[in-house]
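Welcome to this guided tour! Open your viewer, get ready to select residues by number, and follow along stop by stop.

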Amino acid sequence: MRPKVTAVVVARDAASALERTIPALESQTAPIATSVFVHIDSRDDTLEIMRAAQPTLLLTVAQDSSFGKAVATAVSELDKSEPIREADTGAAHPDEWLWLINAGDTPEPNALAELLDTAERNPSLAVTGPKLVSAQDPSRLVEYGQSIVPTGESIRLRTDALDQGQYESFSDVLAVATNGMLVRRDVWNDLQGFDPGLEAVDDSLDFCVRTWLAGNRVLLTPDARVETLGRDAPGTAKYGRRTGAQARHRLRRTATLHRRLAWSGPLMFWVYWLLLLPEVLVLTVLNLLRKQPGRILPELFAALKVFFGGTRALSARRQFAATSTQPLSSLDRLRISASEWRTMRAIKRDEQLALAQQGGDRYNFITGGGGWVALITAVTSVIMLFPLLRSSVLSGGALLPLSGNIGELWAATGYGLRDTGGGIGVADPFQFVLAALGSITFWQPSLIVVIIWLIALPLAATGAWFIAARFTRRPWLRAFFALAWACSPTLLGALADGRLPAVLVHITLPWFAFAFFAARYRWAASAAASLLGVVIAASAPSLIPALIVLWLLMVTTSGTGWLRQMFVPIPAAAMFLPLLVTQLNRGRPLAIFADPALPQPYDPLHGWNTVFGFADTGLGGWPEFLQQLGLTDIDPFLLFAALLAPLALLAAIGIFANGWRLALAGLIIAATGWITAGVAGGLSFAVWEATAAPIYPAAAQSLGYFGLLMAAIAGAAYIGPLRVPVTMLALAGVTALIVPLFPAHITGSAAVAASDGRTLPAIASVQGEDADQLGTLRVTPMGPDQLRLSLERGSGMKLNEISTLATTNPATSKTDEALAELVVDFLSIGKSNPMSQLHELGIGFVLIQPAEGAGAPLGQRLVTGLSTNESVTSIGKIKGYGTLFQVVNAAERPTDPVLAQQLEVTNWQNVLGRAMLIVQTVILLFVILLALPTGRIADLSAAARRTKPQWEDLDRGSDVLTLRNYRLDNERVEVYSSAASGEAVGPAGKEELGD
């Protein structure tokens, strides 16, 4: 008796796909006895097309039905109308078969005949499958069998390979795909079809494994070919062409976990079940290290679904055990062995490595001229900062030493003490930056500031070189961009004035831009950009509005990489949110933009005057420099405009050049930065020692200057032979701007200088190191009737202890009022003994700083009053500090219990502080793990595959091959080189260009 074949066709929203499938079924050389079409509720004309084909049975199932459920429904209805016939005499089983077809599958005319021929030649066979080839290119295999790798994951075999008959000898296989699968009908019923817990992935794999373990065989049929649409196939609601990458991974992970439980023994089932959630934590870390954060949530959801019985794994295990007559280990020969898996991975890794390395020569720092740039700027830095070479601590201007150990650095983060008067609140994000930097030189945290000063020029130049390398392959233009960035008056002015935040912003900006551009393709770059963004925002909060505007512009124009770029500001937002909430509660929301660290009062420039890179009216020493040259009639601003004219001309040319997009982006960045700088100098949110401290605009000026250089390099790339002389002229003009600033550290005119690390006299500093709550009252006469008071705890004020919550707080605290009353009492010679008040405040020393001019009499009166006061004893005048008095029997901590308790608050003691610190730490650790260069080669190659020439690439579209003739041993050698880079392309790039 001839075999009876029932074709089961499943379709959902597949009107166009069925136009391929139905004619292919009708053209089969082997007869199809029965046809059952299963229509998954669709929105197109699928049902009408199925009905027009006049199948034996036409069924409709719910829209969310899986392929397995649809086939099960078909077989169930078939059993009612056409029960399985009895086996022929001498036959081991009935000769009835189910041929499973997905909409879009196109079997070749002899496909079914070949499948039946395989079944006839192998009596023990229960399942066989065809070669699946691409419908777009039938010569290329899509899949030819399935197996399992040592990790338990399923794998499709012989994918994306040319079908040259090289796999004809393969027969036994662990599993075949559902597409074109021919399965014995009685076996399907005995095994109860596909596992309902596997709704989309591994359904055929699980069924084939159970088929093997039930004593049957699964074979391949090499001469049967079925064209498939692959990922373009309509599929089902569970898994189809509209299923996203994360959903696909969730389904694959769910299937793997479900199979692990269903195929396990009674004891191991519960072991695996208990390990489901702990495994998620391990995989989370691994996914961060592998630069695959998109897998974290899908794997979590998959584990939760299996853990809580969403796939009915326990029922599947019972069914698996009930139908198995052989152990699972009997199939080891059909699984991918560890050695085979290593070989397969090695081959794939080599292919991916070759792809990942494409274009890597673009960023070859040494051969691309970056080494010379780093050397020149390093030598320049040594010459300029020669007096600081042997320093271990720097101070002066807006710079103070850091705390003496990393414990104190990290104690200043989170939620805790914010001023010496007992103020409690959240930390500035910049305090995290200082703690991280200080941890690098943990044995002496202040040493990192010296290192930053010494490497600022070469580090800034290196970052600028890399971002310029993203713009162009031309070595000279990269060097021009890097040297011009390192010679910025903004950077040298910040180094001279001790503006650490501004220095960090100038160093970080090009690195941030480099990472942000790459964030379109790689999660690691996105994470690196987010960390650098935290440094920039924390160092210069006034830049936040400008950065948000630029971020929105980039995200809306980044195309497919927008999701990775969307992630960039999240860590910075998490760091600033507590501070923003606090300032909102205080009614001063704009105070979040106040400068962190020491807010040094200065005389700022305003408006368009800030475009030249100088922050204050001192203009980098130019007025004095011109006076020394006898050129007092020259307007410095006109001179600055003349020096920057070549650079501005290049930027203007860039708008009309091929790289106009880069030039336009640069000018937008420049305008954003300069507008921010022009406005910032007129805003004062912080107050220091009773003097308003305007926002320091150097960070915004750096942003504007960076944009100008972007536009200039676009123009320079367009002017051909004039490129080198014009850029050299522009570089000379930029360098001339820093002539008065360059020798500042050598001549001693810079505010920053080497320091012993003390901000208090030695005796007060030493005792403060042992008793960190011991206070030193610093009194500075400012005029005949004005005093400036500050109370410093421990060994003195440190840079990481200064908080914007204190500097932007206009209110007077009880401690401030008590200090004022105390100093007034000191003026009453011999009439007061405020020892109890001194002990309550925890004051151990009183320092009267020297005063000049109108404040000198008041200072002398204070010294006289204290000299006759019984509560203090005079230590004497100390050079560089003033007159020091020590409190008699000083208490090492305030005797006021309320104040003492406030001073003891740590960032881990308070519940809110712990929660905030944990959340911020977890976010930063998440980003750091994601940013580490530990990604898999597969991800690097995928990023390389996504990478295409973008609008910022000035060489885009200019890779015209130029023929160069050389003669070697009387033979002509033709070499083709890129017109953009001059690099040899080789024979592969040869074109018919003629002689």
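Start by selecting Asp 635 and Phe 637. Asp 635 caps the N-terminal end of helix H24, with a side-chain oxygen 3.1 Å from the backbone nitrogen of Phe 637. Keep in mind as you look around that this is a predicted model.

Now extend your selection to the whole of H24, residues 636-655. How far apart are the end C-alpha atoms of H24? They are 28 Å apart, which agrees with the 28 Å that 20 residues should span at 1.5 Å a residue. Next, zoom in on Ala 645. Here H24 bends by about 50°, and a proline, Pro 646, follows within four residues.

Stay with this helix and colour its buried residues. Among them are Phe 637, Phe 640, Leu 643, Leu 644, Leu 647 and Leu 650. Spacings like these are worth a thought: an α-helix has 3.6 residues a turn, so residues three or four places apart point the same way. What do the buried residues of H24 pack against? Show helices H16 (475-486), H23 (622-628), H25 (660-680), H26 (698-716) and H27 (723-737), and you have the partners.

Time for some strands. Select S20, residues 843-848, where six of the six residues are buried. Then add S18, residues 775-783: S18 and S20 pair in the parallel sense over five bridges. To see where they meet, pick Val 779, which stands opposite Ile 848 in S20. Now bring in S22, residues 882-887, which runs antiparallel to S20 and is joined to it by four bridges. Here the pair to pick is Val 846 and Phe 885 in S22, which stand opposite each other.

Next, jump to Ala 224 in strand S11, which covers residues 217-228. Is Ala 224 buried or exposed? Its relative accessibility is 0%, so Ala 224 counts as buried. Show what it touches beyond four places in sequence: Ala 111, Glu 114, Leu 115, Pro 130 and Lys 131. Select Pro 107 as well: its C-alpha atom is 7.9 Å from that of Ala 224, although the two residues are 117 apart along the chain.

For the last stop, colour the protein by pLDDT. The mean is 86, and 91% of the residues reach 70 or more. Then select residues 957-995, where pLDDT stays under 50. For this stretch the model has 57 contacts beyond four places in sequence.

Conventions:
Residues are numbered from 1 along each chain as its sequence is written. This is a predicted model: local features need pLDDT of at least 70, side-chain atom pairs count only at pLDDT 80 or more; totals for chains, interfaces and linings use all residues. Side-chain values use heavy atoms; hydrogens and water are left out. Helices (H or I, at least four residues) and strands (E, at least two) are DSSP runs, numbered from the N terminus. Buried means under 20% relative accessible area, exposed over 50%, partly exposed in between (1.4 Å probe, protein chains only). Contact means heavy atoms within 4.5 Å. The expected span of a helix is 1.5 Å times one less than its number of residues. The bend at a residue is the angle between axes fitted to the seven residues ending there and the seven starting there. A polar contact is a pair of N or O atoms within 3.5 Å; within protein, one must be able to donate a hydrogen and the other to accept it, and residues adjacent in sequence count only if both atoms are side-chain atoms. pLDDT is the predictor's confidence in each residue, from 0 to 100. Two strands pair if DSSP finds at least two bridges between them.
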